[in-house]
Amino acid sequence: MSDNLASKITDSELEVMKLLWCAKDALPVTAIREQLQESKGWEPATIKTLISRLVSKGAVRQEKRNVYYYSPAITEKEYSSWATKDLVTRIFNGKASDLIASLVDSNGLSQEDLDELREMFKVEE
């Protein structure tokens, strides 16, 4: 998996990934299609295209049984890590401290979040 995979996964493709990450096992295309048609109102052709793109990108595995089954080739944690690095690089010129400052300035962090950050970075004296 390349480190720039996160920037290549679109918001719509991410919805497919979320569905696959929540599944206990590989899902047949019919199950994916039913869930996304119900939750997103997407047409079957759209869903098929999204799945095909994710397979091409290496984010999803395709397995032929009696029908095709799909499972994530990357974990949600891997994606989150790549997406965060990509965000920091693209928006904050590689400075994670600017991301934190932006969250603090915009009230994007709750007191609980701030307490957790303090605990994470607590330096023993």
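Here are some numbered notes on this predicted model, moving from the whole chain down to single residues.

1. **The overall layout.** Start by finding the secondary structure: the chain has 7 helices and 3 strands. If you walk along the sequence, you meet them in the pattern α-α-β-α-α-β-β-α-α-α. The radius of gyration is 18 Å, while the globule rule gives 14 Å for 125 residues, so the chain is more spread out than a compact globule. You can also see this in terms of extent: the C-alpha trace spans about 60 × 30 × 25 Å along its principal axes.

2. **Inside and outside.** How much of the chain counts as buried? Of the 125 residues, 27% do. On the outside, the chain exposes about 8,700 Å², and carbon and sulfur atoms supply 49% of that area.

3. **Contacts along the sequence.** Take the contacts between residues at least 6 apart in sequence: 53% of them join residues at least 24 apart. Keep that in mind when you look at the residue pairs below.

4. **Charges.** There are 17 positive and 21 negative side chains in the chain. The centres of these two sets lie 9 Å apart.

5. **The nonpolar core.** The largest nonpolar core has 22 residues, and those with the most contacts inside it are Val16, Met17, Ile32 and Ile74. Which elements give two or more residues to this core? They are helix 2 (11-22), helix 3 (29-40), helix 4 (44-57) and helix 5 (76-92). Helix 2 gives the largest share, 6 residues.

6. **Val16 and its neighbours.** Try clicking on Val16, one of the residues with the most contacts inside the core. Leaving aside residues up to four places away in sequence, Val16 touches Leu36, Trp42, Leu50, Ile51 and Leu54.

7. **Leu36, seen from helix 3.** Now hop over to Leu36, which has its place in helix 3. Is Leu36 buried or exposed? With the limit for buried set at under 20% relative accessible area, Leu36 counts as buried because its value is 3%. If you skip residues up to four places away in sequence, Leu36 touches Glu15, Val16, Leu19, Gly41, Trp42 and Ile47. For the pair Leu36 and Ile47, the C-alpha atoms are 7.5 Å apart in space, with the two residues 11 apart in sequence.

8. **Arg33, also in helix 3.** Arg33 is found in helix 3 too, but Arg33 counts as partly exposed, at 28% relative accessibility. Setting aside residues up to four places away in sequence, Arg33 touches Pro44 and Ile47. For a longer reach, look at Arg33 and Ile91: these residues are 58 apart along the chain, and 34 Å separates their C-alpha atoms.

9. **Ala45, over in helix 4.** Ala45 has its place in helix 4, and Ala45 is exposed, with a relative accessible area of 55%. Ala45 and Arg33 are 12 residues apart in sequence, and their C-alpha atoms are 9.3 Å apart in space.

10. **Ser71 on strand 3.** Where does Ser71 sit? Its place is in strand 3. Ser71 is buried, with a relative accessible area of 18%, which falls within the buried class because the limit is under 20%. Not counting residues up to four places away in sequence, Ser71 touches Leu20, Ala26, Val60 and Arg61.

11. **Asn66 in a loop.** Asn66 is found in the loop between strand 2 (60-64) and strand 3 (68-72). Asn66 is exposed, with 64% relative accessible area. Pro28 and Asn66 are 38 residues apart in sequence, and 9.5 Å apart in space from C-alpha to C-alpha.

12. **Asn93 and its backbone.** What is the sign of phi at Asn93? Asn93 has a positive phi of about 50°, although Asn93 is not a glycine. For background, most residues other than glycine have a negative phi. Asn93 is placed in the loop between helix 5 and helix 6 (96-105). Asn93 is also exposed, with a relative accessible area of 69%.

Note on methods. Residues numbered from 1 in each chain as written. Predicted model: local features only at pLDDT ≥ 70, side-chain atom pairs only at ≥ 80, totals over all residues. Heavy atoms only, no water. Helix = DSSP H or I, 4+ residues; strand = E, 2+ residues; numbered from the N terminus. Rg over C-alpha atoms; globule rule 2.2 N^0.38 Å. Buried < 20%, exposed > 50% of the residue type's maximum accessible area, 1.4 Å probe, protein only. Contact = heavy atoms within 4.5 Å. Areas by Shrake-Rupley, 256 points an atom, 1.4 Å probe, with all protein chains shown as cover. Lys, Arg positive; Asp, Glu negative; His and termini not counted. Charge placed at Lys NZ, Arg CZ, Asp CG, Glu CD. Core = buried A, V, L, I, M, F, W, Y, C linked by side-chain atoms within 4.5 Å.
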